[in-house]
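Visitor: I've got a protein model in front of me, and I'd like to know what earns each label I hear. Could you walk me through it?

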Amino acid sequence: MSLNLLLVEDDAALVAMLERDLREMGHHVSVAMDGRSAVEAVTRDRFDAMILDLMLPTVDGLSVLQRIRQDGMGLPVIILSALGRPVEKVEGLDAGADDYVVKPVTAAELNARLNAILRGRRQPAQDGDTLRAGDIVVSPARFRAWRDGKAVDLSKIEFNLLLELVRNVDSIVTRAMLLEKVWGYDFEPATNLVDVHIRRLRAKLTANGGGDPISTVRGVGYVLPG
C-alpha cells in the first residue's frame, strides 16, 4: 500500500532515516519540522496519514493534533514521541491520535502500524458485526461507523462515545457512564470533557446532512433514539 505521508519531526537525523526508509517502502513522504508548518501542510494538501512528534518548535504536537481534530479532519495520526509515561499516552490518544509509539522506532514498525490503521478504516462491515440505531451503523470490530450508508470518520474517543450511545439505544446514557466506559474514570472531573467530545461527534454525524441524532437530557446525559 503506497501512502502519501506527512512526517512531523524536528530531529534531522531521525527525519533522514525515516524518510529514506519509508520511501524505499513505496511511500511519498513530506516533512514538516515544526508545528506551524504541519498545520499549514494539512490545510493545504491531502495526506493519507500523519506521523507526529510531540516536542516541536513553534506549536507543540499535541496542539497540532487538537487543532486538526477541532477542524474536523479525520486524518489518521500516529504520535511518535520520546515521552512514554502512561499519562502522556492517554493524553495523546484522548486528543484524537490513532496510535502512540515511543521512540526509538523503525520505519518497518511505523509501516505496519499505518497499514493496520488504514486496513481497519477501509474494511467494510460484515453481517453480524454491526450495531444499529436508526440510520446509524457501527462496527466495533472494525472501528468504523456509517450514517445513512455513508462512512463517518471518527477519532477513537468519538467512536467509543457513539458506540456506547448505540449500545444503549433509546435509553439515557449519563455523563458518569460515558466517563467510566470511554475514559475509564470512576469520578466526574470538574470539566466539560464529555460535552466537548459530544459536540465534535454531533458535527461529524451531521456533516453530510441530516438532523442531529443525539438528544440531550439536560443535567443528566444523552439519548440516541432507535
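Guide: Here is a chat about some labels and the values behind them, and keep in mind that this is a predicted model.

Visitor: Let's start with charges. What makes Asp 21 and Arg 20 a salt bridge?

Guide: Their closest N and O atoms are 2.9 Å apart. The cut-off is 4 Å between a Lys or Arg side-chain nitrogen and a carboxyl oxygen of Asp or Glu, so the pair gets the name.

Visitor: Why is Asp 21 called buried?

Guide: Its relative accessible area is 18%, and buried means under 20%, so the label fits. Its partner Arg 20 has 46%. That value falls between 20% and 50%, so Arg 20 is partly exposed.

Visitor: What about Arg 44 and Asp 45: how do you know that they form a salt bridge?

Guide: Same kind of check: the closest N and O atoms are 3.2 Å apart, and the limit is 4 Å, so they pass. Arg 44, at 57% relative accessible area, is exposed, whereas Asp 45, at 36%, is partly exposed.

Visitor: How many salt bridges does the structure hold?

Guide: There are 15. Another one of them joins the side chains of Asp 212 and Arg 202, at 2.8 Å from N to O. Asp 212 sits in the loop between helix H8 (193-205) and strand E11 (215-217), while Arg 202 belongs to helix H8, so the pair ties together parts ten residues apart in sequence. Arg 202 is buried at 17%, and Asp 212 is partly exposed at 42%. Besides that, Glu 9, Asp 53 and Lys 103 are joined into one network by salt bridges that share partners.

Visitor: On to the greasy bits. Which residues touch the most other members of the largest nonpolar core?

Guide: Those are Val 138, Leu 161, Leu 162, Leu 165, Leu 201 and Leu 224, out of 25 residues in that core. At least two core residues come from each of strand E7 (136-139), helix H6 (156-167), helix H7 (175-183) and H8. H6 gives the largest share, seven residues.

Visitor: And what does Leu 201 touch, leaving out residues up to four places away in sequence?

Guide: Leu 154, Glu 158, Leu 161, Leu 162, Leu 165 and Ile 214. There is also a second, separate core of 22 residues, with Val 39, Phe 47, Ile 68 and Ala 97 among them.

Visitor: Now the helices. Why is H7 called roughly perpendicular to H8?

Guide: Their axes come within 10 Å and cross at roughly 80°. Angles from 65 to 115 degrees count as roughly perpendicular, so H7 and H8 get that description.

Visitor: Which residues meet there?

Guide: From H7 it's Arg 175, Leu 178, Leu 179 and Trp 183, and from H8 it's Leu 193, Val 194, Asp 195 and His 197. By type, that contact of H7 with H8 splits into five nonpolar, one polar and two charged residues.

Visitor: Let's compare two loop residues. Is Leu 75 buried or exposed?

Guide: Leu 75, in the loop between helix H3 (61-70) and strand E4 (77-81), has a relative accessible area of 11%. Under 20% means buried, so that's what Leu 75 is. Beyond its neighbours within four places in sequence, Leu 75 is in contact with residues including Val 42, Phe 47, Met 50 and Asp 98.

Visitor: What makes Ala 207 exposed?

Guide: Ala 207 lies in the loop between H8 and E11. Its relative accessible area is 58%, and over 50% is exposed, so the word applies.

Visitor: Any odd backbone spots? What kind of peptide bond joins Lys 103 and Pro 104?

Guide: A cis one, with omega about 0°. Pro 104 is in the loop between strand E5 (99-102) and helix H5 (107-122).

Visitor: And what is the phi of Asp 148?

Guide: Near 55°, which is positive in a residue other than glycine. Asp 148 lies in the loop between strand E8 (144-147) and strand E9 (150-152), and is exposed at 57%. Asp 170 has a positive phi too, about 70°, and is not a glycine. You'll find Asp 170 in the loop between H6 and strand E10 (173-174). At 55% relative accessibility, Asp 170 passes the 50% mark, so Asp 170 counts as exposed.

Key. Residues are numbered from 1 along each chain as its sequence is written. Side-chain values use heavy atoms; hydrogens and water are left out. Buried means under 20% relative accessible area, exposed over 50%, partly exposed in between (1.4 Å probe, protein chains only). Helices (H or I, at least four residues) and strands (E, at least two) are DSSP runs, numbered from the N terminus. A nonpolar core is a set of buried Ala, Val, Leu, Ile, Met, Phe, Trp, Tyr and Cys residues joined through side-chain atoms within 4.5 Å. Contact means heavy atoms within 4.5 Å. Axes are lines fitted to C-alpha atoms, for helices over the stretch in contact, and angles run from 0 to 180 degrees between N-to-C directions. Angles under 35 degrees count as roughly parallel, over 145 as roughly antiparallel, 65 to 115 as roughly perpendicular and the rest as oblique. Ala, Val, Leu, Ile, Met, Phe, Trp, Tyr, Cys and Pro count as nonpolar, Asp, Glu, Lys and Arg as charged, and the others, Gly among them, as polar.
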